[in-house]
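Please open the structure in a viewer and keep the selection panel at hand. The tour proceeds by selection, from a single side chain to a sheet.

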Amino acid sequence: MRNIDLSPLYRSFIGFDHLATMIDAASRNEKQTSYPPYNIELLAEDKYRITMAVAGFSRDQIAIEVQENTLKVSGNKETKEQEQKFLHKGISERNFERKFQLGDHVKVLAADMENGLLHIDLERVIPEAKKPRKIEIGSNLIENQS
């Protein structure tokens, strides 16, 4: 992958230094395996769902963690002591860890598992202080804040 020089952006944009960190994290995510397969679905304007195919895993073998803006989903199966003989093995039973970078103010609402599919619901919840507000012409903001 090519290296991207973001230094020209730093001359014009203040407070966007975390952009390089996000791009670096995204490039590291490209190195993740494609297992398990997943979908990211837009349910509504600010609502999302991640669906992962986790056939063969039970609820207690899957861990979901959110730390800062990273959602980490991992599955750990204990190794079987008994040797099995397969004529064909197409169902993978390996452990996995998948990370998703979450945007600002994106919160994990719920997680559920049904028919071998893990569903994780997310929502962008913008705080009132960050939402746009209308300023009336002729209003004195300093008087209104006290």
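Select Leu-118 and display its surroundings: leaving aside residues up to four places away in sequence, Leu-118 is in contact (heavy atoms within 4.5 Å) with Ile-50, Thr-51, Met-52, Val-54, Ile-62, Ile-64, Val-73, Asp-112 and Met-113. This is a predicted model in which local features need pLDDT of at least 70 and side-chain atom pairs count only at pLDDT 80 or more, while totals for chains, interfaces and linings use all residues. Residues are numbered from 1 along each chain as its sequence is written, and side-chain values use heavy atoms, with hydrogens and water left out.

Next, add Met-52, Val-54, Leu-71 and Val-73, which with Leu-118 have the most contacts inside the largest nonpolar core, a set of 16 residues. Such a core joins buried (under 20% relative accessible area, 1.4 Å probe, protein chains only) Ala, Val, Leu, Ile, Met, Phe, Trp, Tyr and Cys residues through side-chain atoms within 4.5 Å. Two or more residues each come from β2 (47–53), β4 (70–75), β5 (96–101), β6 (106–114) and β7 (117–124); strands here are DSSP E runs of at least two residues, numbered from the N terminus. The largest share, 3 residues, belongs to β7.

Now select β3, β4 and β5, an open antiparallel sheet in that order. Pairing requires at least two DSSP bridges between two strands. The edge strands are β3 (62–67) and β5, each paired on one side only.

Finally, centre on Thr-70. Gln-101 in β5 stands opposite Thr-70, and Gln-67 also stands opposite this residue of β4. In the β3–β4 hairpin, 2 residues lie between the strands, and Glu-68 in the turn has a positive phi of about 55°.

Notes: Buried < 20%, exposed > 50% of the residue type's maximum accessible area, 1.4 Å probe, protein only. Helix = DSSP H or I, 4+ residues; strand = E, 2+ residues; numbered from the N terminus.
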